[in-house]
Amino acid sequence: MTKLAPSLLAANPLNLEEGIRSINEFADILHLDVMDGHFVPNLALGILTCECACKASLVPAYAHLMVSNPGEYIEKFGNIGAKAFVWHVELDLDHMKIINLVKSSGMKPGMAIKPDTDCNTLKPFVDQIAIVTVMGVYPGFSGQKFIPSTIDRVAIIRELSSRIEIEVDGGVGLENAPALVENGADILVSGSSFFNSKDKKAFSDKIRSFRRKP
Ligand code: DX5
Ligand code: ZN
């Protein structure tokens with residue numbers, strides 16, 4: 001079964017509780033987008049909002065850190081009960097150190113990759129991490145158009161590891177979901193297409209019905 005991970009960034013910011021309620025009812029993972037206005041040209045979701053979201057969530061929360069200094073937030077996200085901590089492979093830092101700190105904070109370590117970054121940059125880390133988040137758009141905003149080459153990139157990353165959980169984030173909807181899953185995606189992050197859909201149950205049933213090739 002493909003897992004659906006709605007991004008809280010696309011929920012009504014004046015009524016996040018309602019957003020979380022629909023994630024609890026129809027989805028598998030709560031996707032928390034944290035932005036620092038430096039790694040990406042936008043600000044989103046501080047630690048207090050993430051803490052309240054984790055408390056209200058009945059599904060595991062995966063934090064996607066679009067920040068230049070993810071190491072400074074590992075302990076905080078571990079303390080608020082996030083189940084996964086994802087940072088970007090493009091950052092020039094000691095990734096092995098971050099991986100170990102995330103593991104010792106009781107979270108699954110994951111690395112995200114932007115659309116223009118060579119997939120091979122993940123190679124030294126795939127055996128040490130649990131998740132790869134393949135960006136379908138340039139990180140920073142929800143509601144952007146999906147970049148079609150993402151589909152091939154998912155297949156390349158699946159070749160690097162048959163074990164890893166592959167999550168695709170950005171511009172995902174019912175039109176590209178089947179190809180993404182067929183090429184190896186396990187989790188589909190969906191912001192605008194989930195929150196804008198009139199029938200969230202039907203949307204979720206459809207996403208969950210897509211299956212990887214045996
Ligand atoms: C983009 C974020 C995504 C985004 C998804 O920087 O990481 O999680 O909010 O939203 P949609 O599905 O609208 O692209
Ligand atoms: Zn995200």
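## The zinc site

The zinc ion (ligand 2) takes its protein donors from His31 (NE2), Asp33 (OD), His64 (ND1) and Asp169 (OD), which lie 2.0 to 2.3 Å from the ion. The structure is a predicted model. The site of this zinc ion has 6 donor atoms, with angles of 69 to 171° among them, and is octahedral. For six octahedral donors, the ideal angles at a metal are 90 or 180 degrees.

Along the chain, the donors of the zinc ion (ligand 2) follow the spacing H-x1-D-x30-H-x104-D. Two of these donors link distant parts of the chain: Asp33 belongs to strand E2 (residues 30-36) and Asp169 to strand E8 (residues 165-169), 136 residues apart. Asp33 has a relative accessibility of 4% and therefore counts as buried, the cut-off being under 20%. Asp169 is likewise buried, at a relative accessible area of 6%.

## Nonpolar cores

The largest nonpolar core contains 57 residues, and the members that touch the most others are Leu32, Phe77, Val132, Leu180 and Leu188. When neighbours within four places in sequence are left aside, the contacts of Phe77 are Val34, Ile47, Cys50, Ala63, Leu65, Ala82, Phe85 and Met107. There is also a second, separate core of 8 residues, which includes Ala5, Ile29, Ala84 and Val189.

## Two buried strand residues

Ala84, a member of the second core, is placed in strand E5 (residues 84-88). Its relative accessible area is 0%, so Ala84 is buried. Beyond its neighbours within four places in sequence, Ala84 is in contact with Ala61, Tyr62, Ala63, Met107, Lys108 and Ile131. Ala84 and Leu180 are 96 residues apart along the chain, and their C-alpha atoms are separated by 21 Å.

Ile187 is found in strand E9 and is buried, with a relative accessible area of 0%. Apart from neighbours within four places in sequence, Ile187 is in contact with Lys3, Ala5, Ile29, Tyr62, Glu165, Ile166, Glu167 and Val168. Among these contacts, Ala5 and Ile29 belong to the second core. From Ile187 to Gly78 the C-alpha distance is 21 Å, with their positions 109 residues apart in sequence.

## A buried asparagine after strand E8

Asn176 occupies the loop between E8 and helix H6 (177-182). With a relative accessibility of 6%, Asn176 counts as buried. A polar atom of the Asn176 side chain lies 3.0 Å from the backbone oxygen of Gly171. Not counting residues up to four places away in sequence, Asn176 touches Phe146 and Gly171.

## Salt bridges

The count of salt bridges comes to 7. In one of them, Arg208 pairs with Asp28, and the closest N and O atoms are 3.0 Å apart. This pair links distant parts of the chain, with Arg208 in helix H8 (residues 200-209) and Asp28 in the loop between helix H1 (16-26) and E2, 180 residues apart. Asp28 counts as buried at 15% relative accessibility. Another salt bridge joins Arg212 to Asp186, with the closest N and O atoms 2.6 Å apart. Here too the partners come from distant parts of the chain: Arg212 is in the segment after H8 and Asp186 in the loop between H6 and strand E9 (187-190), 26 residues apart. Arg212 is partly exposed, with a relative accessible area of 35%, whereas Asp186 counts as buried at 17% relative accessibility.

A further salt bridge is formed by Asp205 and Lys201, whose closest N and O atoms are 2.7 Å apart. Because Asp205 and Lys201 are 4 residues apart in helix H8, about one helical turn separates them. Asp205 is partly exposed, at a relative accessible area of 38%, and Lys201 is also partly exposed, at 45%. In addition, a network of salt bridges links Lys3, Lys108 and Glu165. Lys3 and Glu165 are among the contacts of Ile187, and Lys108 is one of the contacts of Ala84.

Terms used: Residues are numbered from 1 along each chain as its sequence is written. Chains are lettered from A and ligands numbered from 1 in the order in which they are written. This is a predicted model: local features need pLDDT of at least 70, side-chain atom pairs count only at pLDDT 80 or more; totals for chains, interfaces and linings use all residues. Side-chain values use heavy atoms; hydrogens and water are left out. Donors are N, O and S atoms within 2.8 Å of the metal (3.2 Å for Na, K and Ca); water is not among the atoms, so sites may look incomplete. Four donors count as tetrahedral if all angles lie between 85 and 135 degrees; four count as square planar and six as octahedral if opposite donors are over 155 degrees apart and all others between 65 and 115; anything else is irregular. Buried means under 20% relative accessible area, exposed over 50%, partly exposed in between (1.4 Å probe, protein chains only). A nonpolar core is a set of buried Ala, Val, Leu, Ile, Met, Phe, Trp, Tyr and Cys residues joined through side-chain atoms within 4.5 Å. Contact means heavy atoms within 4.5 Å. A polar contact is a pair of N or O atoms within 3.5 Å; within protein, one must be able to donate a hydrogen and the other to accept it, and residues adjacent in sequence count only if both atoms are side-chain atoms. A salt bridge is a side-chain nitrogen of Lys or Arg within 4 Å of a carboxyl oxygen of Asp or Glu.
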